[in-house]
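User: I have a protein model open and would like to go through it step by step. Could you help me read it?

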Amino acid sequence: MEIPSKYDPSKIEKKWYQYWLEQRFFHSEPDEREPYTIVIPPPNVTGVLHMGHMLNNTIQDIMVRRARMTGKNACWVPGTDHASIATEAKVVNKLKSEGINKHDIGREKFIEHAWEWTHKHGGIILEQLKKLGASCDWDRTCFTMDEERSRSVIKVFVDLYNKGLIYRGIRMVNWDPQAKTAVSDEEVIYKEEESKLYYVRYKIEAPHNSPEVGKALVSPPPGESEGASYVTIATTRPETILGDTAVCVNPNDDRFKHLKGKKVIVPLVNRIIPIIEDEYVDMEFGTGCLKITPAHDVNDYEIGMRHNLEIIDTFNDDGTLSEKAGVLIGIDRFEARKQIIPLLEEAGNLVKTEKYTNKIGYSERTDVVIEPKLSTQWFIAMEKLAKPALKAVEQDEVVFHPAKFKNLYRYWMSNVKDWCISRQLWWGHQIPVYYISPSSNLPQAEREKDYGFVVAESEEEARKLVVEKFPYLGGARGGFSLKQDEDVLDTWASSWLWPISVFGGITNPDNEEIQYYYPTSDLVTAPDIIFFWVARMIISGYEYRNQYPFKNVYFTGMVRDSQRRKMSKSLGNSPDPLKLIDKFGADGVRIGMLFCSPAGGDLLFDESLPEQGQGFATKIWNAFRLVKSWNVDENIDQPEHSKIAIRWFENKLAAVISEMDDHFSKFRISDALMLVYTTIRDEFSSWLLEIVKPAYQKPIDAKTYNKVIGLFDQLMRVLHPFMPFITEEVWHLLVEREKGESIMIEQMPKFNTFNKELLENFEDVKEAVSGIRNVRKSNNIAFKDPVELFIKKGSKGYNKKFDAVIEKMGNLEKISLVNEDVKGAVSFRVKTSGFFIALGANVDVEAELAKLEEELNYTKGFLNSVMKKLGNERFVNNAPEKVVDIERKKKADAEDKIKALEERIATLK
C-alpha cells in the first residue's frame, strides 16, 4: 500500500468519525462491566461552538475514550439546554423582524414559533462537537424540554411544594428590564464603572431656627425664608428619588440628633416623608443621610420592612418610569436620570455632583443593567436542602479538582439564599400551579371566596385536587375553571436534575439504567457555574437519590488570549473553532488547547498551540512512514544495539504508563498529555527509531521490526484519547485489520513492572551520545568519519553493557577503557566517568580548561543551592521523604562530579 507523504486530517477525520458512528462504538447499554458515566454540561440551544466548549469537551472526550480502553462501559450523555431567556430573546427578535409582536399572537402560537426555531437551530452545536471527535452516545441525546425531562421537572416542583420547600412570596429580586423577567443572584455580573454621585437637598417640612449642624444642612437658596432648612443626601440614582418614602440617619450620629421626629419634602413630587434612624446607615458615606426607596433597593427594602414604610414602585417592567413616579412618566430610566438633573437644579435641590466609581450589576443573559424590583415570585427554600450537599463536598464524597474551589463552594453553601425559580417568560416549563375560579352558577357567598390554587402535575390532576379540597365545587350545583400560572421555571431548575433525569430517574426511580449509570463518574465544567449548576445538582442528587450525582468535578480554566484578556466577540480575539479545525486538524486543536491547560487554571490561547499540535501529528506520520519504509529480512540476526534499545524502550513505556495512570487519577490531564507527547517525540522518534534504523539501503531484521511495530501500536493506544483520528489511521495501517476493528475499543496498555536501574543507565547513555555529537560539532568532525572513544570509568555514568548503542549512535571506531585522563583529547563527563576523543595536536588546551572551569563553577553553584535546601529544617522535616531523598542524591552526584572535574583540570594544567 502506498502511504501518502503528508497527513491530511480533513479526509482522515471525516472517514473515521463516520466509521465509528456506523459501528456504534459510542453507544452504551447496561452490562456486567463497570460503568463510566459522564453527562455533558448541556450547551444552550442558541449556542455555537466557542473556545470554552472546545476545551471542556476535549477533556471529556479524553476521559471517556480512556475509560473505554481500560475496560469500562463508557457512557457520555449529550444534550442541550432550552435556555429560557436567551431563546425567547432570539425568537422575539425573529418575530419582530417579521413585524410580529409576541403578545399579539399569544402564548400558544409563540411556543410554536419557539419550537420551530429550536428544531432548526438547536442541534447545530452538537453537530459541531462531532467535528472535534466527541464520542458521545448520540442515541441518548437529551433536551431539557423534551418529554422525559419536562415530566421530571414538573414532578419535582410538585414534590418540593408538597414537602413545604417551594413557596410563593413578594421579594426583592433582580429584574432584567429587557427580558422582563426576574433573574437569580448568580446571573448578575458586576462591572466596575465610572459613575456620578449626586448631592440633593430635601427641605425639612417644619421651619426651625436651629443653627446648621454638620455638612448635611445647607443655607436656603435665594428666595426662601431664612428659617427654612434642608438635609442633603448623596445618591448615584437620582431618578429613584421619585419613589423615596423616608430619609434615614444613624442613631449614633450626633450631627443629626436634632432631626429626630422631623419630616422632609421629596423634591419635584412634594411628598412628605419621615426622617428615621437605623444603624445600617454608614456615617462615613456621602453626607451620612440616606434616601430610602424600598421598591428599588434591596437594603432600602429591608429598612422599609423594619420601619413599616410605604413602598412606591416608580418603574414599569421595561425600565421606564411608571405613573407612580409623578414626573417623567414613560421615560427610560437612564434617560430619566439625565432629564431629572436640570429639574432638580431648577427647583434648587441639586447641590453638586462628583465622580464616583462603583460596581453595577448586569444581566448575564441580556447584558443590561439589573433593576432591583419587588415582585411576586416562586422560591425554593434552600437551607435544609443544602446541608447534605455541603457535607458531601466537605467530607470529599464529591471531590473537586483543583481543591481550591472547595472553599468557594463552602462559603456559598453556608450562606445560601432561597432560590427564585420563576421567570416571567413563555418559553420554558410552565409552573404547575392552577388558580381556582368558581363558576358563576354558585351562590354569591361561595363565588366570593378565595379558593387559592392547587399544585399538580397536570390539569387533570389539578381538577381532582380541587374537588377533594372543595367537594361542593364538583357537584351538580358547582363548577370551577382553572388558570395555570403564567410564569415558567428558571432554566437551572431543569438542568439541576440532569444527571438523574437523563436516565429517567425522577419519573421511574427504579429503572435499570438509573441503577446502573448513577451516580455518574466525573463532571467537567467551568467554575463560573459552580453555584448555578454544580451545587444544585449535588443538592438534587441527595434529595432524589440520597447519593452524590458524580464522584469528581474537574474545573476547567477560562480560555484567554495571550494578553490574558477574556475571549469575546466584542474584542475580536476569539477564533472560530471550526476554522481552527479546518486549518490544523481536530487532533492538532485538541492537544494544542491542552498544552497549557492545568485544572482550574486559565489557558492562554495562541494559534501557535494548535500549530504545535499539527506539527506533532506530522512528526507521528513521518515516524510511521519511516518504519513502514524499511525492508524486512527474516534471515538476519538482531543486532546487539537493537536488543538493548528495545529492552530499554519497553521498560520506558512501562514507566510512562505508570506515571500516566497517576496523572489521570489526579486529573492532571495536561501533564498526562505532555508525558506521552515527549515520549513519542523524543524517546521513541529521536532515540529508539534512530538506534534500530538500518544502515542506508540495508534491511532490518524481522525481530526488531516486529517489536517496533508492536511498540508503535502501544504508543498509538496511549495517545488515542488525546488524538483519536491520527492514532486510528496509523493503527489501521501498522498491520492489516478486519472490518469492525478499531483502536478505540482496544485495551489500553497496562502498567508492568520496569527496571529503574536500566532506565537510569540509559539516561547516561543518552548523555554520552549527546557529548560525542557535541564534540563532533564543535570540532567539525563529520558524522561519517568514525572516531575512537576512550573512557575513564568512574563510580557512575558508564556501563559497558550499553557499548553497542554508544558505538552505533556515536559512529565509533571502537571504545577503549583507560585508567588515566587522555592527554591531547577533548573530554566531557557523564557523572563521575570521563569520556575522551583524541584530536592530537588540534586540541585547544586553553579552551578545554575554560570549558571545564565553567562546568565546575556551575556544578558548585548547583551544589550550593541543594545544600541550602537540605540545611533548611522546615524543608527536611515537612517535605515528603521521597523529595528529600532526591535532594540528597543531587548532593552526592554533584560532589562526585566536582571531584572528577577538579582531577581533570589538574591534569591539563
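## Inside the model

Analyst: Gladly, and please keep in mind that this is a predicted model. A good place to begin is F712, which, leaving aside its neighbours within four places in sequence, is in contact with I620, A623, F624, V627, F684, V730 and L734.

User: Which residues touch the most other members of the largest nonpolar core?

Analyst: That core has 188 residues, and F712 is one of those that touch the most other members, together with F400, Y409, I538, I620 and F722. Helix α21, residues 669-692, gives the largest share of this core, with 13 residues. Another core, of 26 residues, lies apart from it and has V200, Y202, V249 and I273 among its members.

User: Why would such residues gather inside?

Analyst: As a general tendency, nonpolar side chains in soluble globular proteins tend to be buried together.

User: Okay, and T704, is that one buried or exposed?

Analyst: T704 counts as buried because its relative accessibility is 0%, and this residue lies in helix α22, which covers residues 702-719. Leaving aside its neighbours within four places in sequence, T704 is in contact with Q638, P639, S642, I646 and V692. T704 and V692 are twelve residues apart along the chain, and their C-alpha atoms are separated by 7.4 Å.

User: Switching to pockets, how much space lies in the second largest one?

Analyst: The second largest pocket holds about 1,300 Å³ of space. It is lined by 38 residues, of which E760, E763, K831, K889 and D893 are the closest to its centre. By class, the lining has 18 charged, nine polar and eleven nonpolar residues.

User: Which element gives the largest share of that lining?

Analyst: That is α24, with eight residues. The elements that give two or more residues to the lining are α20 (640-665), α21, α24 (756-778), α26 (845-870) and α28 (881-908).

User: Now strands: how many residues of β2 are buried?

Analyst: Five of the five residues in β2, which spans 73-77, are buried. N73, C75 and V77 point one way from the strand, while A74 and W76 point the other way. Strand β1, residues 35-39, runs parallel to β2 and is joined to it by five bridges, and T37 has C75 as its bridge partner in β2.

User: What is the strand order in the open sheet of four strands?

Analyst: The order is β6-β5-β14-β16, with antiparallel pairing. β6 (181-183) and β16 (419-420) stand at the edges with a single partner strand each, so one side of each is left without a neighbour in the sheet. Three bridges join β5, residues 166-176, to β6, where A182 is the bridge partner of W175.

User: Last topic: which peptide bonds are cis?

Analyst: Among them is the bond from H401 to P402, with omega near 0°, and P402 lies in the loop between β15 (399-401) and α10 (405-414). The bond from Y518 to P519 is also cis, and P519 has its place in the loop between α15 (512-517) and β22 (520-525).

User: And what about the phi of Q697 and of N811?

Analyst: Q697 has a positive phi of about 65° although it is not a glycine; this residue is found in the loop between α21 and β27 (700-701), and it counts as exposed because its relative accessibility is 70%. N811, also not a glycine, has a positive phi of about 50° and is found in the loop between α25 (803-810) and β29 (812-817). With a relative accessible area of 21%, N811 is partly exposed.

Technical notes. Residues numbered from 1 in each chain as written. Predicted model: local features only at pLDDT ≥ 70, side-chain atom pairs only at ≥ 80, totals over all residues. Heavy atoms only, no water. Core = buried A, V, L, I, M, F, W, Y, C linked by side-chain atoms within 4.5 Å. Buried < 20%, exposed > 50% of the residue type's maximum accessible area, 1.4 Å probe, protein only. Contact = heavy atoms within 4.5 Å. 1 Å grid on protein atoms, 1.4 Å probe; cavity = no way out; pocket = protein on both sides within 12 Å on 5 of 7 lines; lining within 4 Å. Points joined across faces, edges and corners; volume = space filled by probe spheres on them. Nonpolar A, V, L, I, M, F, W, Y, C, P; charged D, E, K, R; others polar. Pairing = 2+ DSSP bridges.
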